[in-house]
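I opened a fresh notebook page for this protein. Below is what I looked up, entry by entry.

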Amino acid sequence: MLAVAVLIIVVAAAAAGAGTWYVVHKAPTARPPAVVPSSAPARSSGPAASGPASSGPTGPASAPPAGLASLAPAAALYPGASAIEAVVNRYFQAINGRDYAAYQATQSPGIAMSESQFQAGFESTRDSDVLITEITTMPGGQPAADVTFTSRQQPQDGPEGQSCTNWRVTMYFDGSAGTYTIGAPPNGYKASYQACSG
């Protein structure tokens, strides 16, 4: 049964894959980054999508490479873009490395999922190709980053049985440059995704 719920980051983007899907549906209190697919028709995943989940080994993953996320030219123009990129990097590296403490450090107070939710939600997830495409300022003055990424996971952990999923999420941040953490997405926010082509 594919009762996969996502969103790891009570916020956005961040992000989102199988694990994110798991968290959103299974643990509504944990909100991951919102996700929206990049090319094919998108499907709505849930009110909020928090973290991305990708597939990979089911056990602890090896240390992920530095610089997992990158900034598109438009996003790089935003003041504080490098600080946002650093948080997004830590978030996805924590997922790939199954590092709950590192994941928790990227979350605003009261946003993080429990360790058991984190481990179950991202058990087989491996995220890659993380690109921050745009960063804007919300009405309240806080930044929001549009993020695309690919998650690979065991089919039973992915949305609709997918083993490879392309996500586009919006991650909402609290704090200021140097202290940014991933916050909750607006009410009604829904993540979108699509199966990898080919």
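Which cysteine forms a disulfide with cysteine 164? I looked it up, and the partner is cysteine 196, with the two sulfur atoms 1.9 Å apart. Before going on, I noted that this is a predicted model.

**Entry: the disulfide**

I checked how many disulfides the structure holds, and there is one. I then looked at the twist of the link between cysteine 164 and cysteine 196: the angle about the S-S bond is -75°, and the link is left-handed. Next I asked where the two ends sit. Cysteine 164 is in strand β5 and cysteine 196 is in the segment after β7, so the bond ties together parts that are 32 residues apart in sequence.

Are the two ends buried or exposed, or in between? Cysteine 164 has a relative accessible area of 17%, so I wrote it down as buried, the cut-off being under 20%. Cysteine 196 comes out at 23%, so I put it down as partly exposed.

I also listed what cysteine 196 touches beyond its neighbours within four places in sequence: Thr150, Cys164, Thr165 and Asn166. Serine 151 is 45 residues from cysteine 196 in sequence, yet their C-alpha atoms are 9.2 Å apart in space.

**Entry: the nonpolar core**

The largest nonpolar core has 35 residues, and Val88, Val147 and Phe173 touch the most other members. The elements that give two or more residues to this core are α3 (81–96), α4 (100–105), β3 (126–137), β4 (143–152) and β5 (164–174). Helix α3 gives the most, with nine residues.

I picked valine 88 for a second look. Leaving out residues up to four places away in sequence, valine 88 touches Ala69, Val130, Ile132, Met171 and Phe173.

**Entry: the aromatic rings**

I counted ring pairs next and got 11. Tyrosine 91 and tyrosine 103 make a tilted pair, 6.3 Å centre to centre with 50° between the planes. Tyrosine 91 is in helix α3 and tyrosine 103 in helix α4, 12 residues apart. Both of these tyrosines are buried.

The pair of tyrosine 100 and phenylalanine 118 is edge-to-face, with centres 5.6 Å apart and 65° between the planes. I looked up where the two rings sit: tyrosine 100 is in helix α4 and phenylalanine 118 in helix α5 (residues 115–121), so this pair ties together parts 18 residues apart in sequence. Tyrosine 100 and phenylalanine 118 are both buried.

Following the ring pairs along, I found a cluster made of Tyr91, Phe92, Tyr100, Tyr103, Phe118, Phe122, Phe149, Trp167 and Tyr193.

**Entry: threonine 181**

Threonine 181 lies in strand β6, which covers residues 181–182. Which residue's side chain makes a polar contact with the side chain of threonine 181? It is serine 108, at 2.7 Å. Threonine 181 has a relative accessible area of 17%, so I noted it as buried, again by the under 20% cut-off. Setting aside residues up to four places away in sequence, I found threonine 181 touching Ala105, Thr106, Gln107, Ser108, Tyr172, Phe173 and Asp174. Phe173 is a name I had already written down for the core.

**Entry: confidence**

Last, I checked the predictor's confidence. The mean pLDDT of the protein is 75, and 66% of its residues reach 70 or more. Over residues 1–65 the pLDDT stays under 50, and the model has 364 contacts beyond four places in sequence for that stretch.

Methods. Residues are numbered from 1 along each chain as its sequence is written. This is a predicted model: local features need pLDDT of at least 70, side-chain atom pairs count only at pLDDT 80 or more; totals for chains, interfaces and linings use all residues. Side-chain values use heavy atoms; hydrogens and water are left out. Helices (H or I, at least four residues) and strands (E, at least two) are DSSP runs, numbered from the N terminus. Buried means under 20% relative accessible area, exposed over 50%, partly exposed in between (1.4 Å probe, protein chains only). A polar contact is a pair of N or O atoms within 3.5 Å; within protein, one must be able to donate a hydrogen and the other to accept it, and residues adjacent in sequence count only if both atoms are side-chain atoms. Contact means heavy atoms within 4.5 Å. pLDDT is the predictor's confidence in each residue, from 0 to 100. A nonpolar core is a set of buried Ala, Val, Leu, Ile, Met, Phe, Trp, Tyr and Cys residues joined through side-chain atoms within 4.5 Å. Rings of Phe, Tyr and Trp (its six-membered ring) pair if their centres lie within 6.5 Å; planes under 30 degrees apart count as stacked, over 60 as edge-to-face and the rest as tilted. A disulfide is a pair of cysteine sulfur atoms within 2.5 Å.
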